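Open the model in your viewer and keep the selection box handy. We will go from stop to stop, with a note on what to select at each one.

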Amino acid sequence: MTPAPVLRIRGLRVEFEVPAGRLPAVAGVDLTLHAGELLALVGESGSGKSALAMSLVGLNRAPGTHISGEVDFHGQNLVTADEARLRRVRGRDIAVVFQDALAALNPLHRAGAQVAEMIRNHQPVSRGQAWDRAEELLAEVGLASPERNARAYPHQLSGGMRQRVMIAIGLANDPSILIADEPTTALDVTIQAQVLATLKRLQAEHGTSIVLITHDLGVVAEVADRVAVMYGGRIVEQGTREQMLRDPQHPYTIGLLHSVPRVEGPVSERLAAIPGTPLAGVERPSGCGFAPRCGYRHDACDEPPELIQRYGGADHLDACVLDQAGRAAARTLAPGQVGSG
């Protein structure tokens, strides 16, 4: 039985004003986040992952930014919510763990004080109670010597320790949704594994729904329940982790998987790469955004493809008009041939 949805995104668009016009960072996304699941949002840099995530809680409402569509959270559209309402939601109901913890944390305040501040922003507790709870949270996310490190400044902590502080801040008010924006970037593989294990444990213990933004398919294979692949501001494929890794349907997803280094079989001289470059300018193809880089492009690709179930399993959606034989051919290409037709 599928868990109840906690967040419904419908027709979300995020556009930034640039000298050349309006840049469509998110170009009409429909997505649902279910209770207690970890949804991985995957794609190359510039695909719109962070722009989508930050728009959920109004963190990119700067002048020159245009956001439309619907983000339904408990019956309220967060896209049209005013700033006062969003302040009540941020940190209490929906929390964010940012990519660069050193930049996100205040260098002038101790780690524990920053966790305690988040608690006091949303709960009627004393400073002492908030500090005690901050130490408990730091211990819960696996920070060594939490009483001592709670009194440390961000620059006195390692990258992995700072990221744990960020996770503790995110969990300070037991939110129903945690958005983790590339939380393991710049961490070594051992610390990365520890941070991911922490997220999975907290998901299981608290029932928190997590949106994990990443470009690392190894991370997806390790922790995701469901995966949505973005390209050019759109979702091009989504399904369970097993569906996406074992039976990819969209040529872009297939290309991403071919680009992952293998630990089995013969070693290639070079890693496979998807030809061409991601969409970057304000001008976008009228049809499939991936068509200019796809070796299987044909006339039908000039029309915008729907994100629907085609040849994959139940709830496995893709936005590609390629037939079943073409998809099978794409999946069996040798590394280095992906997208070359």
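Start by selecting Ile308, which stands opposite Asp318 in β12. Before going further, note that this is a predicted model, in which local features need pLDDT of at least 70 and side-chain atom pairs count only at pLDDT 80 or more, while totals for chains, interfaces and linings use all residues. Residues are numbered from 1 along each chain as its sequence is written, and side-chain values use heavy atoms, with hydrogens and water left out.

**The open sheet**

Now show β11 together with β12 (residues 317–318): the two run antiparallel and are joined by two bridges. Strands here are DSSP runs of E with at least two residues, helices are runs of H or I with at least four, and both are numbered from the N terminus. Two strands pair if DSSP finds at least two bridges between them.

Widen the selection to the eight strands of this open, mixed sheet, in the order β6-β7-β8-β3-β9-β10-β12-β11. At its edges stand β6 (94–97) and β11 (308–309); each has a single partner strand, so one side of each has no neighbour in the sheet. Add helix α7 (residues 159–170), which packs on the sheet and touches β6 and β7 (177–181). The direction of α7 makes about 175° with that of β6. For this, contact means heavy atoms within 4.5 Å; axes are lines fitted to C-alpha atoms, for helices over the stretch in contact, with angles from 0 to 180 degrees between N-to-C directions.

**The hairpin**

Next, select β1 (residues 5–18) and β2 (residues 21–34), an antiparallel pair with eleven bridges. They form a hairpin with two residues between them. Along it, Leu12 stands opposite Val29 in β2.

**Two cysteines**

Pick Cys288 and Cys301. Why is there no bond between them? Their sulfurs are 5.8 Å apart, too far for one. A disulfide is a pair of cysteine sulfur atoms within 2.5 Å, and the whole structure has zero. Cys288 is buried at 12% relative accessible area, and Cys301 is buried at 13% (buried is under 20%, exposed over 50%, partly exposed in between, with a 1.4 Å probe and protein chains only).

**Confidence**

Finally, colour by pLDDT, the predictor's confidence in each residue from 0 to 100. The chain has a mean of 90, and 94% of its residues reach 70 or more. Select residues 334–341 to see where pLDDT stays under 50.
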